[in-house]
2 protein chains.
Amino acid sequence: MGSRERRTREREKTRERILDAARKMFVRHGYEATTMRAIADKIEYTPTAIYHHFRNKQALLTELVIADLESLASAFRQIGRIEDPVERLGRIGQAYVEFALDHPMHYQLIFLTKHPLETVKMRLARQDPAEGAYAFLRAACAAAIQSGRLRPDIKDPDELAQMLWAPVHGLMALHIVKGEDPWVEWRDARKTAARMNETMVRGLLREGAR
Amino acid sequence: MGSRERRTREREKTRERILDAARKMFVRHGYEATTMRAIADKIEYTPTAIYHHFRNKQALLTELVIADLESLASAFRQIGRIEDPVERLGRIGQAYVEFALDHPMHYQLIFLTKHPLETVKMRLARQDPAEGAYAFLRAACAAAIQSGRLRPDIKDPDELAQMLWAPVHGLMALHIVKGEDPWVEWRDARKTAARMNETMVRGLLREGAR
DNA sequence: TACTTTACTTAACATTGTTATAATGTCGGT
DNA sequence: ACCGACATTATAACAATGTTAAGTAAAGTA
């Protein structure tokens, strides 16, 4: 009685330990450089034990990516519903940059790695679109359009979302992948991002408004 | 007499064949998925033969990346020196997008893959900065700033170059890495890029000008 | 007590990048 | 014509990788 619960609890615990170890090592050394054996060593199991909890290495990554996506969405939600929809757009960009700079490797896992997400999990993540980070951005875009402060030719929330996502993502990606290359004199990412976002919003506003 | 030349010519030829095969396979299946054995098979050599021409797999990639970077720079140069420096900025963005969409896998190799470029080659590529793609963009930015048509607070060519590079790169990167994900309703990349660039430039111009 | 199930290990597999060693030829000089 | 040096490729192996087949030992269930 209750022993069954204890078992599943312990199972969940080792599962958690695997995930934690994998996350740390993925984040520190990257996905490719992290071996299943190294993960197993870290938690003092044999590599095969991992396969009892996860189908394969990709599944491990996928699970972590989904969790990280959720934490980004959560950061977005904490922005709350700032009254001015245009200002809200700027804040979202800022939070995005903050997340990417605070967790560069997590960011790399989420947005810079091509992973065939399992369709089942995908559907789950999609079930509540209001919780997704992209959905949050899209909603903010729709609100900004409806406010009437943007140029009249800006009317597609998806297009606008992508026009705003691309710049911040691009800057983060370049800094992560090319940040060490000597042929570019990189400027401070936070500052560049701020000015870039500001410029973008400026270009989006209609003639009269500023 | 002349046999020495023939030898080095033949050596260059097999070197070329290795590069061609590698390029095709990297581009078709990606870097990780392409094995040295597969490359060797394609040109009907043993894997070891490749090591007589290239230090290792990374060196192969590096060589190809440098060549592709050069071809991007060449595309930039073909834009020529359009009189209006602001218009030139738009054209560069357009050429960049065109290149990325025409050669998505080359693009991936150049800008989406983290590779420790050998410093020697790096220096070579750096020796003539006017030939580099980034240097070209930077020069155009400097010209635009000097034209006086931009906002007065925009005065750093490097910062401006990065503010303009990031959006187009971001859009291309997202389309390549996340283009298949179902949770985003992707809009046509070319159109989005065009409107994004236009918006960006609009935000950069000083108050009176437009 | 006899069975099934669970959580894990041992040992192996094929595949990877890479290398030590050898085979084969080609050139320059005598 | 022959010999030694060198260049080019092959054979065979290495260690490391993700993954799996088969087994083990303990706990739960009957």
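The legends below describe several close-up views of a predicted model with two protein chains and a DNA strand.

**Figure 1. Chain A as a helical chain.** In this predicted model, the secondary structure of chain A consists of 10 helices and zero strands, so that a reader following the sequence meets the pattern α-α-α-α-α-α-α-α-α-α. Of the 210 residues in chain A, 33% count as buried. Among the contacts in chain A with a separation of 6 or more, 66% are accounted for by residues 24 or more positions apart.

**Figure 2. The two domains of chain A and the contact between them.** The domain assignment divides chain A into domain 1, with residues 1-54, and domain 2, with residues 56-204. Where these domains of chain A touch, eight residues belong to domain 1 and 11 residues to domain 2. On the domain 1 side of this contact, helix α1 (residues 3-29) of chain A gives the largest share, which amounts to five residues. Sorted by class, that same side of domain 1, the one touching domain 2 of chain A, holds seven nonpolar residues, no polar residues and one charged residue.

**Figure 3. Residue A:I66 in helix α4.** This view is centred on A:I66, which is found in helix α4 (residues 57-79) of chain A. A:I66 has 16 C-beta neighbours inside 10 Å and therefore counts as partly exposed, since a residue is called buried at 20 or more such neighbours and exposed at 12 or fewer. Between the C-alpha atoms of A:I66 and A:K24, which are 42 residues apart along the chain, the separation is 15 Å.

**Figure 4. The covered helix α6 of chain A.** Helix α6 (residues 104-111) of chain A is mostly covered, with six of its eight residues buried. The buried residues in α6(A) are A:H106, A:Y107, A:Q108, A:L109, A:I110 and A:F111.

**Figure 5. The largest nonpolar core.** In soluble globular proteins, nonpolar side chains tend to be buried together. Here the largest nonpolar core has 100 residues, and those with the most contacts inside it are A:L137, A:L164 and B:L137. Leaving aside residues up to four places away in sequence, B:L137 touches B:I92, B:A161 and B:W165.

**Figure 6. How chain B meets chain A.** Chain B is superposed on chain A, with an RMSD of 0.1 Å, by a rotation of 180 degrees with 0.0 Å of shift along its axis. The two copies are thus related as by a two-fold rotation axis. At the interface, 35 residues of chain B are in contact with 35 residues of chain A. On the side of chain B that touches chain A, at least two residues are supplied by each of the helices α7 (119-127), α9 (157-178) and α10 (189-204) of chain B, and the largest share, 14 residues, comes from α9(B). By class, this side of chain B has 19 nonpolar, seven polar and nine charged residues. Because 100% of the interface residues of chain B are also interface residues in chain A, the copies meet through the same surface.

**Figure 7. The surroundings of DNA strand C.** DNA strand C is surrounded by 19 residues, of which the closest are A:T46, A:T48, A:A49, B:T35 and B:N56. Two or more residues of the surface near DNA strand C are given by each of α1 and α3 (47-51) of chain A, and likewise by each of α1 (3-29), α2 (36-42) and α3 (47-53) of chain B. Sorted by class, the surface near DNA strand C has five nonpolar, eight polar and six charged residues.

**Figure 8. The loop between α2 and α3 in both chains.** In chain A, A:E44 lies in the loop between α2 (36-42) and α3, and A:E44 has a positive phi of about 60 degrees although it is not a glycine. A:E44 is exposed, with 8 other C-beta atoms within 10 Å. In chain B, B:E44 is placed in the loop between α2 and α3, and its phi is near 60 degrees, a positive value in a residue other than glycine. B:E44 counts as exposed because it has 8 C-beta neighbours inside 10 Å.

**Figure 9. Residue B:D41 in helix α2.** The last view shows B:D41, which is found in helix α2 of chain B. With 13 other C-beta atoms within 10 Å, B:D41 is partly exposed. The C-alpha atoms of B:D41 and B:A21 are separated by 9.7 Å, while these residues are 20 residues apart along the chain.

Technical notes
Residues are numbered from 1 along each chain as its sequence is written. Chains are lettered from A and ligands numbered from 1 in the order in which they are written. This is a predicted model: local features need pLDDT of at least 70, side-chain atom pairs count only at pLDDT 80 or more; totals for chains, interfaces and linings use all residues. Domain bounds come from an automatic or database domain assignment. Two residues are in contact if their C-beta atoms, placed from the backbone, lie within 7 Å. Helices (H or I, at least four residues) and strands (E, at least two) are DSSP runs, numbered from the N terminus. Ala, Val, Leu, Ile, Met, Phe, Trp, Tyr, Cys and Pro count as nonpolar, Asp, Glu, Lys and Arg as charged, and the others, Gly among them, as polar. Copies are superposed by least squares on the C-alpha atoms of residues with pLDDT of at least 70 in both. A residue is near a molecule or strand if its C-beta atom, placed from the backbone, lies within 6 Å of it. A nonpolar core is a set of buried Ala, Val, Leu, Ile, Met, Phe, Trp, Tyr and Cys residues joined through C-beta atoms within 7 Å.
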